[in-house]
Amino acid sequence: MRDSNSPGSQSVPASSASPADAMIQLSGVRKTFAQPVLKNINLSIPTGCLYGLMGPGASGKSVLLKSAALLVKPDAGSVSVAGQDLTVLDQTGLQAFRMSFGMLFQNNALFDFMTVAENIAFPLKRLFELEYDQVKEMVAERLERVGLSGFEARFPANLSGGQKKRIGLARATITGAPVQLYDEPAAGLDPVTSQKIFDLLRREQQEAGSTVLMVSTDLDRLLSVVDRVGMMYEGELIFDGTVDEARSSRDTYVSQFVHGRPDGPL
Ligand SMILES: Nc1ncnc2c1ncn2[C@@H]1O[C@H](COP(=O)(O)OP(=O)(O)OP(=O)(O)O)[C@@H](O)[C@H]1O
Ligand SMILES: [Mg+2]
């Protein structure tokens, strides 16, 4: 349990996004599995923001990310994307809405029975009527961007963990979706490839003006690319602010985490 006397623990600094500007808006979101995992989460992510979510293991980061696409259904509260309250949509409406998201989950979730090219093109085929050559070209361009040119015909079972991650990213970015959710986009990659992936995500996010919610435990790289950052701790969003505010935070939990100090309340 977090020490409530910790500076800054009484209140989370207000997000700069008013609900009207927010592309992704979580209000009073709660989720309990065996224990409470999300405790009254209020988060506004402005349109065109690259938002980083950090925090210790099992603090609720992935569940929060999934709840933003309603892949985890909150017990209470509302989730809105582009002004649409997702909690009121039926299954068909929700699935249609999710097609406008680019998503990468922690386990990649590639289809084992599809080739790399088929995996990457999957979101495209369901969205648009495109010519075969056009799809082929787009897949090749995505593969080049993630440094895996020529991998079209491989199957996921014959890829390394890092390669699967990069294929997942190629798939998540192929539609240029206005909202993207990334869980650990660079986990398991070497430092150079990780940096390239973060740079790629940042560049594409800026070019497209998309709104990105990204979870990463690669803190230095995360903080070097995001516009705003949040920190989860035991199911609570204990920090929401700019990178500078996170670095200079006097909250003992945030400060210890951001500076990676071994001693402290964590
Ligand atoms: N479907 C589920 N059923 C039951 N418990 C779950 C489920 N999904 C997550 N949890 C639990 O919720 C808590 C938060 O999980 P979550 O995956 O969000 O952690 P995390 O912050 O992403 O951690 P990590 O950094 O290790 O990925 C954990 O205790 C986890 O065991
Ligand atoms: Mg996780």
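User: Before we get to the ligand, what does it take for a residue to be near a molecule?

Analyst: Its C-beta atom, placed from the backbone, has to lie within 6 Å of the molecule. Keep in mind that this is a predicted model.

User: OK, so which residues surround ligand 1?

Analyst: Going along the chain, you meet Phe33 and Val37, then Gly55, and then the run Gly57, Ala58, Ser59, Gly60, Lys61, Ser62 and Val63. Gln106 and Thr217 complete the shell.

User: How does that shell split by class?

Analyst: Seven residues are polar, four are nonpolar and one is charged.

User: And which element gives the largest share of it?

Analyst: Helix 1, residues 61-68, with three residues.

User: What does helix 1 lie across?

Analyst: Four strands: strand 3 (50-54), strand 7, strand 8 (211-215) and strand 9 (228-233). Helix 1 runs at about 155° to strand 8.

User: Let's look at the sheet with those strands. What's the strand order?

Analyst: That one is an open sheet of six strands, ordered 6-7-8-3-9-10, and the pairing is mixed. At the edges sit strand 6 (101-104) and strand 10 (236-242), each pairing on one side only. From one strand to the next, the twist averages 15°.

User: Do strands 6 and 7 run parallel or antiparallel?

Analyst: Parallel, and four bridges join strand 6 to strand 7, which covers residues 179-183. If you want a spot to look at, Leu104 stands opposite Tyr182 in strand 7.

User: What actually holds paired strands together in general?

Analyst: Strands of a sheet pair through backbone hydrogen bonds.

User: There's another sheet too. What's its order?

Analyst: It's an open sheet of four strands in the order 2-1-4-5, and the pairing is antiparallel. Its edge strands are strand 2 (36-46) and strand 5 (84-85), each with pairing on one side only.

User: How many bridges link strand 1 and strand 4?

Analyst: Five, between strand 1 (residues 22-32) and strand 4 (residues 76-81). Ser27 stands opposite Ser78 in strand 4.

User: Switching topic: what domains does the protein chain have?

Analyst: The domain assignment gives domain 1 as 21-100 + 177-190 + 205-260, and domain 2 as 110-176. Taken over C-alpha atoms, their centres are 25 Å apart.

User: How many residues of domain 1 and domain 2 are in contact?

Analyst: Nine residues of domain 1 with nine residues of domain 2. On the domain 1 side, seven of the residues are nonpolar, two are polar and none are charged.

Note on methods
Residues numbered from 1 in each chain as written. Chains lettered and ligands numbered in written order. Predicted model: local features only at pLDDT ≥ 70, side-chain atom pairs only at ≥ 80, totals over all residues. Helix = DSSP H or I, 4+ residues; strand = E, 2+ residues; numbered from the N terminus. Nonpolar A, V, L, I, M, F, W, Y, C, P; charged D, E, K, R; others polar. Pairing = 2+ DSSP bridges. Axes fitted to C-alpha atoms, helices over the stretch in contact; angles between N-to-C directions. Contact = placed C-beta atoms within 7 Å. Domains from an automatic or database assignment.
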